Every structure is written in C-alpha cells, then in structure tokens.
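Q: Please take a close look at the salt bridges of this structure. Which side chains do they join, and where do the partners lie?

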Amino acid sequence: MSLSFKLYLSIMVLIIIPLIIVGFFLNRQFAQFALNKASENALQTLKQTENSFSTLVTDTNDISVRILSNESVQDFSNGNYSDKAEYEKMYWNINEWIDNVVGSKNYFDSISLYSRNHVIFQRGMQVQDLDQKIMGRANRLQGRGYWVTSQGNVSYYRAIMDMQNLGRMLGIERFDIREESLYQYYKKMNSYSGSQIFLLDSYGRVLSSTERNRMGENLDHIDYVRKTLHLKNGYFSTRIQGERNIVLFYTIEATNWTLIQSIPEHSFTSVKTTINTILYIVILLCIFFGILFSFVQHKYMVKPLRNLQKEMEKLKTGNFDISLNIDSRDEIGEVSNGFVKMAKQLNHTINEVYLTKIKQREAELKALESQINPHFLYNTLDSIHWLAIKHKNYDVSDQIEALADIFKHVLNKGETIVTIRQEVDFLENYMFIQKRKYGKRIQLFIDAGPEILNYKMPKLVMQPLVENAIVHGLEQVIEGGMIEIKINRVDKGIQFIVSDNGIGVDEAKIHQMMASSDDAKHVFALKNIDDRIKISYGQEYGLYFTSSYGVGTIVKVLIPLIE
C-alpha cells in the first residue's frame with residue numbers, strides 16, 4: 001500500500017469510522033435522554049390536573065359535611081314535618097340553601113338525599129333508589145364519605161348521622177359528578193398527535209376519556225393498563241397496536257383513580273431530529289477536515305517522500321548521482337539530507353570486502369537459525385502422534401502443555417540469548433515429550449551447578465544434540481540407553497558435554513560432511529550450532545564431535561562466559 005492510501009485508510013479507520021460509531025452511540029444515548037426528559041415534562045404537565053381533581057374531591061367532601069350537619073337537613077331526613085305543605089316548604093328551603101352552598105361549582109349532575117333507600121330530595125338529574133349494599137356500607141362508615149363508580153358514572157355517598165342520637169343513621173346524601181367536568185380537567189393536555197387519555201377507577205373502568213366512545217369500558221385486560229393500576233405514578237415505554245408509545249400515569253390518592261396518557265414516540269421527533277441534524281453536521285465537518293488534512297499531508301509529507309523514493313531507486317541501480325530539492329527543515333528534510341550524505345559516503349565504501357562479508361555472514365546466521373524451528377517442530381509433533389496412537393489420547397494434554405513451553409522458549413520474543421537455566425528447562429520439557437514415546441528406555445541426566453545456571457548462552461544449542469543422540473544413537477537400541485549432559489565453567493568460558501551410550505556413528509564421515517557445503521544438509525543440526533557460535537564469538541569457540549561404533553557419541557560445545 002502506498003503512503004497516501006495508508007493516510008486515507010488511517011483517517012477512515014481511526015477518525016471517520018470511530019466518529020460514526022461513537023456518533024450513533026451518542027445519538028442513541030442523547031435521543032433516549034431527550035425522550036426521557038420529554039416524558040418527564042409530559043408527566044409533570046399531566047400532573048397539573050391533580051390540583052383540579054383534588055379541588056373536586058375537597059369541594060365534594062366539604063359540601064357533603066355542610067349538608068349533613070345542617071339542622072334543616074337533619075329534621076327533613078328525620079321526617080320532622082307534619083304534612084305535605086310543611087314537607088314542600090322544607091324541601092324548597094333546603095334546595096335554595098344547597099344552591100347557595102354549591103354556588104358556581106358546576107361539576108355536580110345531581111345532589112340527592114335518601115331516607116333509608118328512598119329519594120326524599122333531588123337537585124339535578126333523576127336518580128334511582130339505593131340498593132342495600134350502598135346502604136350497608138354507608139351505615140358501617142358512620143358518616144365517612146366514599147366514592148362509587150358504576151357503568152361510567154361517578155358518585156359520592158355519605159351517611160347522614162343523627163346529631164342528637166350518636167350512631168343513628170337518618171339517611172344518605174349522594175353527589176353525582178358530571179363527566180364533562182372531569183373531561184375538561186385534562187382535555188387541554190391532549191396536544192400530542194395520536195395521544196389518548198383515560199381516567200380509570202381502581203378496577204380499570206373508564207370514568208372519562210378523550211376517546212368518547214369508550215366510556216364505561218373495562219380496560220384491565222390490557223397489559224399496560226394493568227401495570228399502571230399497580231403503581232402510583234411514572235412513565236414507561238411499550239407497544240400499543242404495534243407502535244411504540246410512552247405511557248404516563250399518576251394516581252389520585254383520595255379516590256384511587258388513575259389518569260393515564262399514551263403518547264406515540266414519534267410525537268417527540270422534533271428533539272430527535274435536532275440531535276440527528278447536529279450529529280450529521282459534525283460528521284460532515286470531520287470528513288471535510290479529514291480530507292483537508294490528507295491534502296496537507298500529501299503536500300508536506302507524501303510528495304517529499306515520493307521524491308526521496310525516486311532517488312533511492314536510482315541508488316539501488318548503482319547510480320549515486322543524487323539530486324534532491326530540500327526546502328524544509330522538518331524530519332523529512334532531515335531524512336533527505338541524511339540520505340544525500342549517506343549516498344556520498346556509501347559511494348566511497350560500498351565495495352569494501354569487509355562490509356560485504358559481514359552482511360553475508362549475518363545473513364547466513366539468520367538462515368541457520370531459521371532452519372532449526374521447522375525441524376524441531378516436525379519431530380515434536382511426530383512424538384505427539386505416536387503418543388496419541390499408543391495411549392489413545394489420554395496424555396495429550398500434558399504433551400501440549402510441554403510443547404507450549406517449548407514454543408515459548410524457541411520464540412523468546414525474538415531474543416537469541418537465554419540463560420542456561422532457561423535452556424535446561426526447555427530441554428526438560430522436550431524430554432518430557434520424548435519420554436511419552438520412549439518410556440524408560442532413554443534416560444537424561446543433567447549435571448550443572450547452581451552457579452552456572454544464571455549465565456547466558458545462545459538458545460537451541462543442547463536440544464538438537466539431545467535429539468541427535470535419541471534419533472541416531474539410542475532409538476535403535478532395544479534396551480535403551482542414557483544421555484548425560486555436563487555443564488562446566490572452564491578457562492575460556494562455559495563448556496557443554498553431551499554424551500550417549502548409543503550405537504555410535506562414523507566420526508570421520510561426520511567431520512567430512514561438516515566441512516563440505518554439499519553434504520552439510522545431512523548434519524545440519526551440528527553444522528548450525530557450530531556456525532552460529534563461530535559467527536557470533538569467533539573461531540576459537542564452537543562444537544567438537546567424537547564417536548565410536550558400539551560405544552557412543554560425545555559432543556562438546558564451548559562458548560564464552562556471558563553474564
């Protein structure tokens with residue numbers, strides 16, 4: 001990929017895409033926050049009707065107390081009149097007095113008085129006689145009022161107790177509330193498109209509603225209605241007829257009525273639209289400035305680097321005639337100046353043999369190191385294969401764990417130098433895997449003093465030697481054998497001695513193959529170790545090999561003391 005493409009890709013991956021993701025996330029959060037805020041405001045607006053309902057309840061209670069405590073009402077309810085003329089006189093006096101008491105409060109359809117369960121006084125619409133349940137409840141409450149809803153009608157009942165004879169009920173007063181008055185309290189709250197408002201009693205019956213055709217309907221079978229009847233107040237989101245709505249509600253404590261308002265979420269789209277508009281503007285601005293930034297980068301960074309690249313291409317062909325117009329003093333300018341100077345110096349020293357050989361030897365060293373890993377990996381996986389066949393996979397997990405430690409040591413974060421302790425641990429993990437294949441046929445003994453273990457060494461020195469001892473020395477010996485490793489400090493550094501009592505090999509042939517570049521592939525483990533050590537530390541260090549048929553093999557490795 002070109003640098004320009006990387007810059008555009010970086011802007012896209014590191015700026016634009018994260019911005020879009022964060023923007024959409026924030027948009028959802030802000031939209032939800034705005035929706036909650038709008039819902040809270042709508043609930044507070046709905047609760048403004050609470051004062052009106054409280055006033056209705058308070059006025060009804062106060063008027064009922066004044067009526068039942070009136071002396072004329074007491075006499076009238078007790079039947080203290082001698083004839084029809086006196087009855088009518090008392091009736092109209094009470095009617096005139098109640099008119100004065102009620103005044104401008106026009107939310108009563110009727111005010112009625114009962115003696116027992118028969119109507120004896122009526123102001124407003126016609127009412128029926130009371131049933132025994134109403135009578136019984138009023139008598140039990142002994143003058144305390146209560147609300148009754150039936151078939152969409154709202155009524156308030158209160159026993160008229162005898163002021164002269166404690167505990168004796170003279171009659172019952174009844175107030176029927178005009179539904180239109182209830183409707184007027186919340187009518188103005190229905191300003192949202194698609195909104196619905198219901199006033200329900202504690203059983204879910206509709207006392208009043210903006211949906212005028214649903215008066216008296218029972219809604220307790222609807223999930224969101226049933227949920228509001230069990231709570232005091234609040235709001236929540238739900239689906240109503242497939243559309244997402246916000247349901248607001250609160251309970252009128254004195255009557256245990258619930259006022260519910262459902263508002264489609266799309267009615268709050270103005271706030272969401274504003275948030276989306278701001279988000280889109282911000283994203284477009286960021287894209288614009290990102291593109292502008294890329295143009296600036298192209299002029300002051302990409303273009304100078306391309307010019308530098310062209311001159312480098314000339315240098316690759318051996319043309320040292322470098323010409324760069326360097327105007328800037330920034331990092332790219334410094335690099336360009338440095339390149340020009342380097343080209344001049346390189347032209348002077350490029351053909352020196354020493355540098356060429358050093359580069360060649362370094363390349364050989366890396367190639368030698370890279371050959372070890374595949375070879376070792378193959379043999380390790382081979383042992384796991386044999387273990388799986390032999391033991392039916394029971395110990396595979398132990399093998400893999402040891403193999404993981406081996407890989408960790410081999411990779412070692414790219415480092416080529418490890419401590420002797422790490423190399424010994426690595427070797428023990430390797431032998432742990434091999435023992436699952438060979439059992440007790442092959443034993444490994446390591447003799448290394450604790451003062452030696454903290455010194456450092458090139459990694460992967462002992463393992464290939466142990467592997468050779470197993471494969472070429474002991475594998476064909478039916479009764480097995482022993483591999484012994486001694487690590488000692490000597491005058492020139494640290495000496496590793498790996499010996500086995502296997503079948504042995506032709507020592508002269510091994511030395512011949514190590515000296516021949518054509519045959520080195522047959523002894524690449526020994527050759528690799530020897531070359532790595534000599535390249536890194538000099539010709540006085542390296543590997544020394546001796547072997548005899550029927551006796552065994554001894555390999556000595558000498559490295560300098562590395563702390």
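A: The answer below takes the salt bridges one by one and then turns to the nonpolar core. The model is a predicted one. A search of the whole structure finds 13 salt bridges.

One of them pairs Arg 123 with Asp 99, with 2.5 Å from N to O. Arg 123 belongs to strand β2 (residues 118-124) and Asp 99 to helix α4 (residues 84-102), so this pair ties together parts that are 24 residues apart in sequence. Asp 99 is partly exposed, at 31% relative accessibility.

Another salt bridge links the side chains of Arg 178 and Asp 109 (3.0 Å, N to O). Because Arg 178 sits in the loop between β5 (169-177) and α6 (179-187) while Asp 109 is in strand β1 (residues 108-115), the pair connects parts 69 residues apart in sequence. Arg 178 counts as partly exposed at 27% relative accessibility, and Asp 109 is partly exposed with 25%.

Lys 232 and Glu 253 also form a salt bridge, their closest N and O atoms being 3.8 Å apart. Lys 232 lies in the loop between α7 (223-229) and β8 (233-240), and Glu 253 in the loop between β9 (243-252) and β10 (257-264), so parts 21 residues apart in sequence are tied together. Glu 253 is exposed, with a relative accessible area of 54%. In addition, salt bridges that share partners join Glu 179, Glu 180 and Arg 212 into one network.

As for the nonpolar interior, the largest core has 48 residues, and Phe 53 and Leu 182 have the most contacts inside it.

How values were computed:
Residues are numbered from 1 along each chain as its sequence is written. This is a predicted model: local features need pLDDT of at least 70, side-chain atom pairs count only at pLDDT 80 or more; totals for chains, interfaces and linings use all residues. Side-chain values use heavy atoms; hydrogens and water are left out. A nonpolar core is a set of buried Ala, Val, Leu, Ile, Met, Phe, Trp, Tyr and Cys residues joined through side-chain atoms within 4.5 Å. Buried means under 20% relative accessible area, exposed over 50%, partly exposed in between (1.4 Å probe, protein chains only). A salt bridge is a side-chain nitrogen of Lys or Arg within 4 Å of a carboxyl oxygen of Asp or Glu. Helices (H or I, at least four residues) and strands (E, at least two) are DSSP runs, numbered from the N terminus.
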